[in-house]
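Here are my notes for you on this chain. Keep the viewer open while you read, and look up each residue as you reach it.

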Amino acid sequence: MQKTIERIAGDSEGVAYEFPVFRFEGADKSAPTAYLQAALHAGELPGVVAIDALMPMLTKAEAESRIRGAITVVPWANPIGRAQYHFGEHQGRFNLGTRTNFNRAFPLLAAPHAELLPDVSLGGADRRLKHRLVELSLGRDIVLDLHCDDEGLAYLYIHASLWPAMADCAAAMGVDAVLLWNEDSSGTFEGASIMPYQNVPASVSRFDRRVATTVEYRGMLDVDGALAASDAQGLYRLLVTRGVVQDPSVLKASSFTGAVVPLENIDMMPSPRAGAILYDVKPGDRVAKGDRLATIVHAPGEVGGRTEVFAPQSGFILTRRSRRIIRAGEDLLKLAGDKRSDDARSGTLED
């Protein structure tokens, strides 16, 4: 295993950002290859500790000559966001200088060729970071971007062109649900990982073994040793299932039995008032149309000071907010509906 330090120049003299990259070479040049990164939203740590638990497994496999395909691992993908604090509160989702989401504005290339990447020498540190992350992952057959939600189930975002071919990956990882998407106009990292292969010859796209997904490992507070070990086992099982690592002791996962939901079926459920949230539901709960999801206490102690929010359709609760204070118009939860949402915002990834 080789460790290198990547250096991203800052936007003022004397400022630079660094992050480690680990590489396992692999013994078979024809075997599938993999790229794993965590904490692109720098405060989302379940993926970081999952990688921490995975690394000894990969190191052991390497020592026993069982790593077939090259593997690149980036445990802390966003040193810029990792360093951002405002009045003691960590702010790792948006670049404080540009107000851009760290998981937006990645270059969407027409083909998987590094020479197509734009010149970002004068583009700002966040653009230079995104350029480098795409460069590190480009050409890998398997690209996993590990995130988490506020409070939620474990689920994957998967481009519709890769489903159901990636069902074995979802089963290997043991996630609860899969959200299928079709278009990415905002430039997510996942979009940058799949779009270069959409209009190239099959010999280049290799969709028979391509994996690209955003992994949502439950919630922000699910940074736990047992969960990390379980998630690492899932990542390792995926690598074995797809032939990157050889390990006869790992049993192939059974077929995926979780929910598969088009992104257009997601209701984000904006809050009608500002106030305190009293939830009636938690992630995983099944609801029927008209069920009460939450009550917003916006005028405590006053007549009419509570506003109830009801399910617009049947489905299950995918996620909810971890904070219980909310502004009017902010989203309360993700409802994975049984049919297409009537909300015009559905079908896009939230910020």
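The points below go from the whole chain down to single residues.

1. Start with what you are looking at: this is a predicted model. The chain holds 7 helices and 20 strands. Along its principal axes, the C-alpha trace spans about 70 × 55 × 40 Å.

2. How does the radius of gyration of the chain fit a compact globule? For 351 residues, such a globule would have a value near 20 Å, and the chain has 21 Å, which agrees. Of the 351 residues, 54% count as buried. Also, if you take the contacts with a separation of 6 or more, 71% of them come from residues 24 or more positions apart.

3. There is a record to keep in mind here. An unreviewed UniProt entry annotates residues 31–193 as "domain: Succinylglutamate desuccinylase/Aspartoacylase catalytic". Over residues 31–193 the chain is 29% helix and 21% strand. The end C-alpha atoms of that stretch are 19 Å apart.

4. Now go to the beginning of the chain. Strand β1 (residues 2–9) and strand β2 (residues 16–24) run antiparallel, joined by 8 bridges. Try finding lysine 3: it stands opposite phenylalanine 22 in β2. The hairpin of β1 and β2 has 6 residues between the strands, and in it glycine 14 takes a positive phi near 85 degrees.

5. β2 has another partner to look for. It pairs with β4 in the antiparallel sense, over 3 bridges. Arginine 23 is a handy marker, as its bridge partner in β4 is threonine 72.

6. Next comes strand β3 (residues 34–38). Is it buried or exposed? It is mostly covered, with 5 of its 5 residues buried. In a regular strand, side chains alternate between the two faces of the sheet. In β3, Ala34, Leu36 and Ala38 are on one side, Tyr35 and Gln37 are on the other, and all of these are buried, so both faces are covered.7. Which strands does β3 pair with? One is strand β4 (residues 71–74), parallel to β3 and joined to it by 4 bridges. There, valine 74 is the bridge partner of glutamine 37. To get from β3 to β4 the chain passes through helix α1 (residues 46–63), and this β-α-β crossover is right-handed. Another partner is strand β7 (residues 142–149), also parallel to β3, with 5 bridges between them. In β7, valine 143 is the bridge partner of tyrosine 35.

8. While you are in β7, click on leucine 144, which lies in this strand. Its relative accessible area is 0%, so it is buried. Leaving aside neighbours within four places in sequence, leucine 144 is in contact with Tyr35, Leu36 and Gln37, as well as Val211, Thr213, Leu235 and Leu238. Tyr35, Leu36 and Gln37 should ring a bell, as they belong to β3. For a sense of distance, leucine 144 and alanine 154 are 10 residues apart in sequence and 14 Å apart in space, C-alpha to C-alpha.

9. Helix α3 (residues 125–137) makes a good ruler exercise. At 1.5 Å a residue, its 13 residues should span 18 Å; the end C-alpha atoms are 19 Å apart, which agrees. Why is α3 described as largely enclosed by the rest of the structure? Because 10 of its 13 residues are buried. Among them are Leu129, Leu133 and Leu136, but also Asp126, Arg128 and Lys130. After α3 comes glycine 139, which has a positive phi, near 90 degrees.

10. Further along the chain, look for an open sheet of 4 strands, in the order β17-β16-β14-β19, with antiparallel pairing. β17 (306–310) and β19 (325–326) stand at the edges with a single partner strand each, so one side of each is left without a neighbour in the sheet. Strand β16 (residues 292–297) runs antiparallel to β17, and 5 bridges join them. To check this pairing, find isoleucine 296, whose bridge partner in β17 is threonine 307.

11. My last stop is threonine 319, in strand β18 (residues 315–320). Its relative accessibility is 3%, so it counts as buried. Not counting residues up to four places away in sequence, threonine 319 touches Asp149, Glu151, Gly152, Tyr155, Pro283, Leu333 and Lys334.

How values were computed
Residues are numbered from 1 along each chain as its sequence is written. This is a predicted model: local features need pLDDT of at least 70, side-chain atom pairs count only at pLDDT 80 or more; totals for chains, interfaces and linings use all residues. Side-chain values use heavy atoms; hydrogens and water are left out. Buried means under 20% relative accessible area, exposed over 50%, partly exposed in between (1.4 Å probe, protein chains only). Helices (H or I, at least four residues) and strands (E, at least two) are DSSP runs, numbered from the N terminus. Two strands pair if DSSP finds at least two bridges between them. A crossover is right-handed if, with the strands pointing away from the viewer, the path from the first strand over the helix to the second runs clockwise. The expected span of a helix is 1.5 Å times one less than its number of residues. Contact means heavy atoms within 4.5 Å. UniProt positions are given in the numbering used here, feature names are shortened, and annotations may be inferred rather than shown by experiment. The radius of gyration is taken over C-alpha atoms; the globule rule is 2.2 Å times the number of residues to the power 0.38.
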